[in-house]
Structures are given as C-alpha cells and as structure tokens.
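Me: I am in my first year and would like a close look at a single part of this protein, with the surroundings explained step by step. Could you take the sheet and the pocket beside the hairpin as your subject, and then follow the aromatic rings from there?

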Amino acid sequence: MKSSTPDWLEPLTKLEDFGGDPIKYIDHIFSLFKRDFISTTPIFKGKEVFHDRHDDGGRPATFVHVTTEENRITKQRELSLRRCERIAWIKAIIEHTNDPLVFVWEKEQRTSEGMTTRTYLFLEQENFLVILQEIIHNHFIITAIYVDNPNQKNKHLKSYRAFQKRSGV
C-alpha cells in the first residue's frame with residue numbers, strides 16, 4: 001500500500017489546470033523552475049546546487065532536460081508531462097534528503113569525462129529520481145526523472161541497497 005505523499009511536496013502541476021493550453025502550461029512550469037533554481041539556489045549537504053544555464057531554445061539547458069525525454073527512435077527530445085508535472089519536486093527533494101522517504105546514495109558512472117560519482121535522490125513512493133554531481137565545491141543537477149518502468153525502478157533500488165551494504169548503513 002502506498003503511503004501518503006510527503007507534505008513538503010507541492011501538488012502535481014497538470015496541463016489540464018491550464019485548459020490544455022501547452023504555451024500557458026510551459027510558461028507556468030518555467031516560472032516554477034525560475035523560482036526554484038534561478039531566483040534561489042537549492043542547498044544539498046551545505047553546498048549550492050547549480051544548473052546548466054546554457055541556452056537551449058530560449059530556456060536554460062537544465063530546464064529543457066528535466067522537462068523532456070529522448071525519443072528512442074528519433075533521438076529527439078520530446079516534452080514529458082510526467083516530468084513537467086513534478087518540476088517543483090526537484091528542489092523539494094534536494095532540500096529534504098533528511099526525510100527517510102528519500103533514498104540517497106552515490107554511484108560511480110562512466111561519463112564523457114571519464115568515471116565520476118553521482119548522487120541519487122529517490123523518492124521511491126512517488127517514483128521520482130533526482131541525480132546530482134559534485135563539481136568542485138558545489139553540486140550540479142544532472143537530471144530528474146519520473147521512473148515509470150518497473151525494471152528501471154528495481155535497478156535503482158538494487159543500486160541503493162548495494163550502496164547501503166557497502167556503506168554499512
């Protein structure tokens with residue numbers, strides 16, 4: 001049985017709340033992103049969390065990345081309503097990692113720059129995952145995804161349990 005949503009999470013921001021108007025919806029979603037990442041900066045483990053400010057079609061690259069997903073066939077990024085609905089959850093999860101509902105672990109990953117350690121923040125009951133990377137004296141948002149594939153969810157939970165075992169938690 002799924003427990004109730006943490007009270008520190010905002011309600012989902014649904015397209016239908018904007019009469020199905022995608023322009024009004026994206027403008028609102030972007031205003032939430034600006035509130036959480038441009039006007040203020042989240043803090044994780046006492047360090048600021050930054051985002052990629054490079055322009056991607058008139059919006060910061062991180063905004064585009066956390067509201068879209070790659071189409072496996074066309075390799076183009078397409079709007080993901082599941083990600084958009086949860087845009088306000090990213091900062092909330094980053095700032096509530098002391099809540100036992102948020103699973104936090106580190107994982108070594110191969111990237112274009114070689115091996116690096118990434119921090120996973122998974123609100124399992126809501127299937128929402130935020131991935132950060134420590135860069136110099138701060139953190140950087142890599143992505144935030146809605147994990148709707150049971151195999152992917154199990155993979156993340158297995159990684160979390162392995163980290164706990166290695167860490168003696």
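Reply: The model shown here is predicted, and a good place to begin is the hairpin that S7 and S8 form, with two residues between them. Strand S7 covers residues 102-111 and strand S8 covers residues 114-123, and the two pair in the antiparallel sense over ten bridges. You can find the pairing at one end of S7 by looking for Thr111, whose bridge partner in S8 is Gly114.

From the hairpin we can step out to the sheet, an open one in which six strands follow the order S1-S2-S10-S9-S8-S7, with mixed pairing. Strand S1 (43-44) and S7 stand at the edges with a single partner strand each, so one side of each is left without a neighbour in the sheet. Further along the order, S9 and S10 run antiparallel and are joined by eight bridges, and Val130 stands opposite Ala144 in S10.

Now to the pocket. Which residues lie nearest the centre of the largest pocket? They are Glu69, Arg72, Arg83, Ile145 and Gln152, out of a lining of 24 residues. The elements that give two or more residues to this lining are strand S5 (68-70), helix H3 (81-85), S7, S8, strand S9 (128-135), strand S10 (138-146) and helix H5 (150-167), so both strands of the hairpin belong to that list. The largest share, four residues, comes from S10. The volume of the largest pocket is about 780 Å³, and its lining residues divide into seven nonpolar, seven polar and ten charged.

One of the residues nearest the centre of the largest pocket, Ile145, can also be related to a residue in another element. Ile90, placed in helix H4 (residues 89-94), is 55 residues from Ile145 in sequence, while the C-alpha to C-alpha distance between the two is 9.4 Å. Ile90 is buried, because its relative accessible area of 2% falls under the 20% limit used for that word.

The aromatic rings come next, and the count of aromatic pairs comes to nine. Phe33 and Phe63 make an edge-to-face pair, with 5.4 Å from centre to centre and 65 degrees between the planes. Since Phe33 lies in helix H1 (residues 22-38) and Phe63 in helix H2 (residues 61-67), the pair ties together parts that are 30 residues apart in sequence. Phe33 is buried, with a relative accessible area of 1%, and Phe63 is buried too, with a value of 3%.

A second pair leads back to the hairpin: Phe103 and Tyr160 are stacked, at 4.4 Å centre to centre and 5 degrees between the planes. Phe103 belongs to strand S7 and Tyr160 to helix H5, so this pair ties together parts that are 57 residues apart in sequence. Phe103 and Tyr160 are both buried.

Finally, Phe33 and Phe63 also belong to a group of rings, for together with Phe30 and Phe37 they form one aromatic cluster. Within that cluster, Phe30 has Arg59 over its face, at 4.4 Å from the ring centre.

Definitions and conventions. Residues are numbered from 1 along each chain as its sequence is written. This is a predicted model: local features need pLDDT of at least 70, side-chain atom pairs count only at pLDDT 80 or more; totals for chains, interfaces and linings use all residues. Side-chain values use heavy atoms; hydrogens and water are left out. Two strands pair if DSSP finds at least two bridges between them. On a 1 Å grid over the protein atoms alone, a cavity is a set of points where a 1.4 Å probe fits but cannot get out, and a pocket is an open set with protein on both sides within 12 Å along at least five of seven lines; lining residues have an atom within 4 Å of a point. Grid points are joined across faces, edges and corners, and a volume is the space filled by probe spheres set on the points. Ala, Val, Leu, Ile, Met, Phe, Trp, Tyr, Cys and Pro count as nonpolar, Asp, Glu, Lys and Arg as charged, and the others, Gly among them, as polar. Rings of Phe, Tyr and Trp (its six-membered ring) pair if their centres lie within 6.5 Å; planes under 30 degrees apart count as stacked, over 60 as edge-to-face and the rest as tilted. Buried means under 20% relative accessible area, exposed over 50%, partly exposed in between (1.4 Å probe, protein chains only). A charge sits over a ring if NZ of Lys or CZ of Arg is within 6 Å of the ring centre and within 35 degrees of the ring normal.
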